[in-house]
Every structure is written in structure tokens, then in C-alpha cells.
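Please examine the structure shown here, and consider how its descriptive terms are justified.

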Amino acid sequence: MTPAASILTRLKSESRVVVPQVEGGLRAHIAAETILRGHTVVLVGEDGQDAEGLYHDLSFLLGLDDEHAADDGILFFPADDKSPYEESTPDGRTTMERLSTLHRLIDERKHVRAVVTSPQALLRRHVPPSFFEEAGEYL
């Protein structure tokens with residue numbers, strides 16, 4: 001039995017499967033097979049660069065280009081490249097992608113098929129969604 005088949009078999013009886021020590025393109029392959037069978041996947045790369053490569057591999061295996069992957073529910077959640085205490089402005093593209101991913105996770109949760117991120121991105125604290133719901137209206 002292949003590693004992907006073994007994991008997919010476990011998903012039939014378990015709602016959550018943690019797969020440590022899988023390397024290279026096999027990670028994206030297992031994730032793509034899992035997504036194609038109707039499961040939602042969260043992939044955490046070793047660092048930002050690894051997570052970005054994993055996102056590109058996953059998009060490719062699902063037949064998507066990076067520009068349209070988010071529209072198909074494959075989201076990338078990058079880490080901020082700056083500390084909140086630095087006196088420089090963070091990269092605007094990174095900030096926009098983070099906000100877009102958070103918005104999709106809140107408002108389009110049923111459409112999300114996968115989220116690819118890094119440990120650094122997961123450790124960053126965020127304002128809770130309820131704050132935005134109570135503070136204003138979406139236009």
C-alpha cells in the first residue's frame with residue numbers, strides 16, 4: 001500500500017490525521033489526493049520558503065495556477081516578514097494575502113479546500129473575527 005493510500009484509509013475512520021516526517025513532493029501529492037477525495041487539508045511547511053514551495057506544488061498537482069488557486073479554495077497564509085515592533089513597513093503584498101486568507105477562512109469556510117502555511121505564520125497573534133463583526137459593516 002502506498003503512503004498516500006495508507007493515509008487516505010486512516011481518514012475513513014478518523015476525522016484528523018497528523019502525518020509527520022513526510023518529505024519532498026510526497027507531501028503535496030498526499031495533500032492533493034486527500035483534497036480530491038473531499039477532505040480539507042492544513043499543510044504546515046518547515047518555514048516560509050518551504051510553505052511557499054509546498055503551495056506551488058499543491059496548486060500544480062491540482063491543475064491550478066498560483067493566481068487562481070485561492071479562487072478554488074487553496075489558500076496560502078504567509079508569515080509577516082517584519083516584527084510588529086520594527087519601525088519599518090511590512091510588505092503590502094504579504095499583508096494583503098494574509099488578510100485575504102483570513103477573510104476567506106471566516107466568510108467562505110465551506111469553499112476552503114486547503115490552507116498552506118508556516119509555523120511562523122501560525123504563531124502570530126490576530127484580532128478575533130468577532131471584533132470586526134461588532135465594529136463595522138462589510139461594503
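The questions below concern a predicted model, and they treat a pair of helices and then a pocket.

Q: Why are H2 and H3 called oblique to each other?
A: Helix H2 (residues 25-36) and helix H3 (residues 48-61) pack at an angle of about 50 degrees. Roughly parallel requires an angle under 35 degrees, and roughly perpendicular requires 65 to 115. The angle fits neither range, nor is it over 145, and H2 and H3 are therefore oblique.

Q: What else describes the packing of H2 and H3?
A: Their axes are 9 Å apart, and H2 passes H3 in a right-handed crossing.

Q: Which residues of H2 and H3 meet?
A: From H2 come Arg27, Ala28, His29, Ala31, Ala32 and Ile35, which meet Asp50, Leu54, Asp57, Leu58 and Leu61 of H3. By class, this contact holds seven nonpolar, one polar and three charged residues.

Q: What makes His29 in H2 a polar residue of this contact?
A: His is listed neither with the nonpolar residues nor with the charged ones, Asp, Glu, Lys and Arg, so His29 counts as polar.

Q: What is known of the lining of the largest pocket?
A: The largest pocket holds about 690 Å³ of space and is lined by 21 residues, with Val17, Val19, Val41, Val42 and Leu43 nearest its centre. Helix H1 (3-13), H2 and strand E1 (41-44) each give two or more residues to this lining. The lining residues divide into 13 nonpolar, four polar and four charged.

Notes:
Residues numbered from 1 in each chain as written. Predicted model: local features only at pLDDT ≥ 70, side-chain atom pairs only at ≥ 80, totals over all residues. Heavy atoms only, no water. Axes fitted to C-alpha atoms, helices over the stretch in contact; angles between N-to-C directions. Helix = DSSP H or I, 4+ residues; strand = E, 2+ residues; numbered from the N terminus. Left-handed = near helix turned anticlockwise from the far one by under 90°. Contact = heavy atoms within 4.5 Å. 1 Å grid on protein atoms, 1.4 Å probe; cavity = no way out; pocket = protein on both sides within 12 Å on 5 of 7 lines; lining within 4 Å. Points joined across faces, edges and corners; volume = space filled by probe spheres on them.
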